[in-house]
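Open the model in your viewer and keep the sequence panel visible. The tour below goes from one selection to the next.

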Amino acid sequence: MLLPLKYYGDPVLRKRGERVEDLSPAVEQLIEDMFETMAEYNGIGLAAQQVGEALQLTVLDIRPVEDRPSTLKIGGREEEPDSIMPLVLINPEVKPLADAVPGGEGCLSFPEMSAEIDRPERVSVKAMDGGGEPLEFECGGLLARAIQHETDHLNGILFIDRMDRATKADLQEQLDALRAKTLAALA
Ligand code: ZN
């Protein structure tokens with residue numbers, strides 16, 4: 001089922017997600033619906049907050065993007081990043097392994113906006129997967145960026161919080177308009 005997206009200005013986007021302790025049928029359905037919704041809007045990542053649920057749950061699938069490479073290491077071995085797609089991360093813990101580098105990002109909660117954001121180029125990830133199993137890996141490139149963007153959502157952090165002042169100033173008019181539209185729809 002397609003879920004309605006939550007846009008900038010909706011207070012749920014600022015909520016820290018609660019931990020998901022077990023994969024109830026409701027959570028499994030939510031995961032399925034999030035994948036369907038993400039694909040419909042051509043996203044490569046979607047956090048539960050973006051469909052109105054403040055949970056530590058995000059789904060990703062970077063396969064549609066072919067021109068931005070990723071790396072993956074599991075148990076110290078290089079693996080094909082596609083091998084863990086589609087990816088469900090529950091209660092993820094993400095730690096930086098490298099210096100920050102700039103890279104372009106968009107967000108389904110901010111239609112038509114994109115910006116360069118600095119983020120660590122490589123990270124380690126510990127989480128529960130969509131089957132309720134523990135998952136641990138290191139990744140770099142686009143996958144690392146997407147995971148950091150989504151994990152931020154789970155903590156109520158948005159990519160505008162990571163923009164430098166000039167970038168945000170350039171988008172301010174669009175941001176104000178989107179926020180006003182969202183608030184009007186909620187009222
Ligand atoms: Zn986003």
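In which helix is the place of Q148? Select Q148 and you will find that its place is in helix α2. Bear in mind throughout that this is a predicted model. Is Q148 buried or exposed? Q148 counts as buried because its relative accessibility is 10%, and the cut-off for buried is under 20%. Now show what surrounds this side chain. Setting aside neighbours within four places in sequence, Q148 is in contact with V94, R119, P120 and V123.

**The zinc ion**

Stay on helix α2, which covers residues 141-154, and select H149 and H153. Both lie in this helix, four residues apart, or about one turn of it. H149 is buried, and H153 is buried as well. Next, add C107 and the zinc ion to the selection. Which atoms are the protein donors of the zinc ion? They are SG of C107, NE2 of H149 and NE2 of H153, at 2.0 to 2.2 Å from the ion. Along the sequence, the spacing of these donor residues reads C-x41-H-x3-H.

**The largest pocket**

Turn on a surface and look for the largest pocket, which holds about 400 Å³ of space. Its lining is made up of 24 residues, and those closest to its centre are G43, I44, E105, G106 and C107. C107 is also a donor of the zinc ion. Two elements, β6 (100-106) and α2, give two or more residues to the lining. Helix α2 has the largest share, with six residues.

**The sheet**

Switch to a cartoon view and colour the strands. What is the order of the strands in the open sheet? Seven strands form it, in the order β1-β2-β5-β8-β9-β3-β4, with antiparallel pairing. β1 (45-47) and β4 (77-79) stand at the edges with a single partner strand each, so one side of each has no neighbour in the sheet. From one strand to the next, the twist averages 40°.

Now select helix α1, residues 25-40. Helix α1 lies across β1, β2 (57-60) and β5 (87-96), and runs at about 45° to β2.

**Strand β3 and its partners**

Select β3, residues 70-74, together with β9, residues 134-140. These strands pair in the antiparallel sense over three bridges. Click on T71 to start from one of the residues involved: its bridge partner in β9 is G140.

Then go to the other partner of β3. β3 and β4 run antiparallel and are joined by three bridges. L72 stands opposite E79 in β4. How many residues lie between β3 and β4 in their hairpin? There are two, and G75 in the turn has a positive phi of about 60°.

**The loop before β9**

For the last stop, select G132, in the loop between β8 (122-128) and β9. G132 counts as partly exposed because its relative accessible area is 30%, which falls between the 20% and 50% cut-offs. Finally, pick the C-alpha atoms of G132 and V20: they are separated by 10 Å, while the two residues are 112 residues apart along the chain.

Definitions and conventions:
Residues numbered from 1 in each chain as written. Predicted model: local features only at pLDDT ≥ 70, side-chain atom pairs only at ≥ 80, totals over all residues. Heavy atoms only, no water. Pairing = 2+ DSSP bridges. Axes fitted to C-alpha atoms, helices over the stretch in contact; angles between N-to-C directions. Contact = heavy atoms within 4.5 Å. Donors = N, O, S within 2.8 Å, 3.2 Å for Na, K, Ca; no water. Buried < 20%, exposed > 50% of the residue type's maximum accessible area, 1.4 Å probe, protein only. 1 Å grid on protein atoms, 1.4 Å probe; cavity = no way out; pocket = protein on both sides within 12 Å on 5 of 7 lines; lining within 4 Å. Points joined across faces, edges and corners; volume = space filled by probe spheres on them.
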